[in-house]
Amino acid sequence: MNSTETKAEKRLWLFGLLIGPNAVISHSVVGGTLSLLLRREGVGMARSATIVSLLWLPFVTNFLWGPVTDFWLKRRSWILVASSAAALLMVAAFHMSSLASPAAIALLFVSACFGQLVLASCGGMLGMLQSESSRRRAGSFYQGGSLAIGSTGVFVISILVDRISVHALSWVIAFMIVLPALGALAMPLEQEIARESFRAELGRIGREFRTTFLRWEALPYTLLLCSPMGSGAAIGLLTGLAKDYHVTASEVAWMNGIASLLLTPVGAIAAGRLPVRFKSTAGYLAMAALNAATLIVLWAGPMQPLTYFVSTGLFLFTIGACYAMYTAVTLDFLGDSGKSGSARFSLINSVGNVPVTYVNWLDGRGYAAWGPRGLPATEAMLGLVGSGVWAVYFFWRRKRRV
């Protein structure tokens, strides 16, 4: 084990900070409070869901620009540069006449793209860890920190939305994006890969891509990550749905902010404690099925605050566990980071974000067709059916090998 990895293993908790800038953009804003902010501007729930779905596209297509973090700068330097650019673009978006305007949506879109450079950098650094136990623990910190920081952002934005102007709020969000990025300064520099000719480097990258993607296991991994279960799409829509269950903005701040800050990281850390012998795919499917089941409470229960609090609380805990196991599946898929770790992690993560986009859109259609209950019903059924189908497949494959 090299000295850089030894230092990194002693600072695995830093991954919980490094992913923070992207967490604020994705969880706190796009997937958290944007639907609340849009609804306060008079934008309908169905249109809000469409906008959120559109702004999730950078998380699906980040393989187009994420690979740049494998070149020119150290990955930890990319985190600092990308988070600063994302924060400034976020401020510009909030200074537009409306968050639903084309200009604001475009600025939010590009800000999310820079946020994905942070994610790509983190992925490349995670892939450098060699031992499975270090990867599992780092993945738990990575997801736990992401969820904790994202939930803190939801709480802060929800509390301040009635107290300060939208322009002032944008600077608070910018501060939340940049602050955790400073943790990159405490991360040890990754070991320099021996410089080669351009042709030799292309050859190395090609071999790494073939090792990761041109194998039989790549197909099940890809289809699994494209499936709808465990997407957590409802996280970004529950704040807007709260009004239908007679939940106030202040209560949203406590439930989707403070409670989420406690529940989602605990769920992620709990999942990270699963023994290494327990396969990541099995853990992911189990957590995804439980997560889908929690939305049945919101679907079938009376439309009152208690129903919202119970269902949302259970949903937040189980989605934290889902995300931790999703990271474990992603790192199993990735293998060793090598020269192209950020590029391959970006590509895999893009695949994993596909269901967030289409489930967001389907949730919105469920709301438009069947009202408030249609949204949780849609995501619950997608999650339960998807988990069931994949459980049958893996059981069949295991039986066939025996």
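A pocket is taken here as an open set of points, on a 1 Å grid over the protein atoms alone, with protein on both sides within 12 Å along at least five of seven lines, and its lining residues have an atom within 4 Å of a point. The structure is a predicted model, in which local features need pLDDT of at least 70 and side-chain atom pairs count only at pLDDT 80 or more, while totals for chains, interfaces and linings use all residues. Residues are numbered from 1 along each chain as its sequence is written, and side-chain values use heavy atoms, leaving out hydrogens and water.

The second largest pocket has a volume (the space filled by probe spheres set on the points) of about 430 Å³. Its lining comprises 16 residues, with K279, T281, F394, R397 and R398 nearest the centre. Helix α17 (374-401) makes the biggest contribution to this lining, six residues, and α11 and α14 (280-300) each supply at least two. By class, the lining holds nine nonpolar, one polar and six charged residues.

Helix α11, which helps line that pocket, also packs against another helix. Helices α11 (residues 218-226) and α15 (residues 305-334) meet at an angle of about 150 degrees, with axes 11 Å apart; the pair is therefore roughly antiparallel (over 145 degrees). The crossing of α15 by α11 is left-handed. On the α11 side, A218, Y221, T222, L224 and L225 make the contact (heavy atoms within 4.5 Å), and they meet Y326, V329, D332 and F333 of α15. Seven of these contact residues are nonpolar, one is polar and one is charged.

Key. Axes are lines fitted to C-alpha atoms, for helices over the stretch in contact, and angles run from 0 to 180 degrees between N-to-C directions. Helices (H or I, at least four residues) and strands (E, at least two) are DSSP runs, numbered from the N terminus. Angles under 35 degrees count as roughly parallel, over 145 as roughly antiparallel, 65 to 115 as roughly perpendicular and the rest as oblique. A crossing is left-handed if the near helix is turned anticlockwise from the far one by less than a right angle, and right-handed if clockwise. Ala, Val, Leu, Ile, Met, Phe, Trp, Tyr, Cys and Pro count as nonpolar, Asp, Glu, Lys and Arg as charged, and the others, Gly among them, as polar. On a 1 Å grid over the protein atoms alone, a cavity is a set of points where a 1.4 Å probe fits but cannot get out, and a pocket is an open set with protein on both sides within 12 Å along at least five of seven lines; lining residues have an atom within 4 Å of a point.
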